[in-house]
Amino acid sequence: MTLALLDSASLYFRSFYALPESMTAPDGTPVNAVRGFADTLARILTDRRPSRLVACLDADWRPQFRVDLLPSYKAHRVADEAANAEEVPDTLTPQVPIILDLLAAVGLATAEAPGYEADDVIGALTAREKSDAVEVITGDRDLFQLVRTTPTPASVIYVGKGWAKAEVLGPAEVAERYGVPVDGAGPAYAAMAALRGDPSDGLPGVAGIGEKTAAKLITQFGSVQELLAAAKSGNKDLPLKMRLKLTAAEDYLTVAPTVVEVAVDAPVTLSGSDAVPPAVRDPERLEELTNRWNLGGSVKRLVAALEAVR
């Protein structure tokens, strides 16, 4: 029994850029992201065969609590400061409601939490899960922090290079790839990422500390908080030059863990049951969407995959 948690925005963004905008509906609306997302869903159902599935959504792509702590957080992606709107391709924006309509017609659950990102929704649902194995499906390495062995296994199906090259990472794989301890590999990855920084999210990191050094420091000291405390106390296990780098970045390191770590207490609500349905919930609505948006082959593959899981 497996619970699949989809990082929906990550998947439809990747579909949008992977497929040509020449895929259109009869009215000329591009549907490349919709068709790519539907095909990805079909592959997930066919290849991973989850008994439960939730498409997790961004209720707020740039939560205020993170911006308050670190104003640079995703700042370079803001298209409209007043509306806190993300810069999204004009031809992708109208496809998102179609994807949501498709999910509803098929009968697959969505989930979100007011004021939180999809990452937080995924983190909260993973933290809640006590009975089934969890598979997080994403193209975002940030979610490597969720891998675990107990109380149920949680792994990440990383699709950064497409589904055909999907990688399954659990604690052992994350530990081997990034040089963090196997025990607590998820939290250690988050701490390493905070130290290293990530320009794509507006995280400056600590100047002069790269990924390998960050991993070694977290392995040695356990957390960002303990590492900063050691630097401030003049711990001789840290060379003077390293202590100076860390103390110079104290303001950042004080807030970075909260910004980087997913909020496992996010108030998540689901649209309905997360059980993969035995059949399409609303066949008439699905047929209407298929015809209106020219989703033919993609929807056929999705329905066939759904029936195969039954």
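Colleague: Ala, Val, Leu, Ile, Met, Phe, Trp, Tyr, Cys and Pro count as nonpolar, Asp, Glu, Lys and Arg as charged, and the others, Gly among them, as polar. How does the lining of the second largest pocket split by class?

Modeller: 5 nonpolar, 5 polar and 4 charged residues. This is a predicted model: local features need pLDDT of at least 70, side-chain atom pairs count only at pLDDT 80 or more, and totals for chains, interfaces and linings use all residues. Residues are numbered from 1 along each chain as its sequence is written, and side-chain values use heavy atoms, without hydrogens or water.

Colleague: What counts as a pocket?

Modeller: On a 1 Å grid over the protein atoms alone, an open set of points where a 1.4 Å probe fits, with protein on both sides within 12 Å along at least five of seven lines. Lining residues have an atom within 4 Å of a point.

Colleague: How much space lies in the second largest one, and which residues lie nearest its centre?

Modeller: About 290 Å³ (the space filled by probe spheres set on the points). Of its 14 lining residues, Ser15, Gly36, Thr40, Gly162 and Trp163 lie nearest the centre. H1 (8-18) and H2 (32-48) each give two or more residues to this lining. Helices are DSSP runs of H or I, at least four residues; strands are E, at least two.

Colleague: And the largest pocket, how much space is there?

Modeller: About 1,200 Å³. It is lined by 48 residues, with Ala9, Ser10, Lys74, Arg77 and Glu86 closest to its centre. H1 gives the most, 7 residues. By class, the lining has 23 nonpolar, 6 polar and 19 charged residues.

Colleague: New topic. How do H9 and H11 pack?

Modeller: The axes of H9 (224-232) and H11 (250-260) come within 9 Å and cross at roughly 160 degrees. That makes the two helices roughly antiparallel (over 145 degrees). Axes are lines fitted to C-alpha atoms over the stretch in contact.

Colleague: Which residues meet there?

Modeller: Val224, Gln225, Leu228 and Lys232 in H9 meet Glu250, Leu253, Thr254 and Pro257 in H11 (heavy atoms within 4.5 Å). They divide into 4 nonpolar, 2 polar and 2 charged.

Colleague: Backbone next. Which peptide bond is cis?

Modeller: Threonine 150 to proline 151, with omega near 0 degrees. Proline 151 sits in the loop between strands S6 (133-138) and S7 (154-158).

Colleague: What about phi of arginine 49?

Modeller: Near 50 degrees, so positive in a residue other than glycine. Most residues other than glycine have a negative phi. Arginine 49 is in the loop between H2 and strand S2 (52-56).

Key. Axes are lines fitted to C-alpha atoms, for helices over the stretch in contact, and angles run from 0 to 180 degrees between N-to-C directions. Angles under 35 degrees count as roughly parallel, over 145 as roughly antiparallel, 65 to 115 as roughly perpendicular and the rest as oblique.
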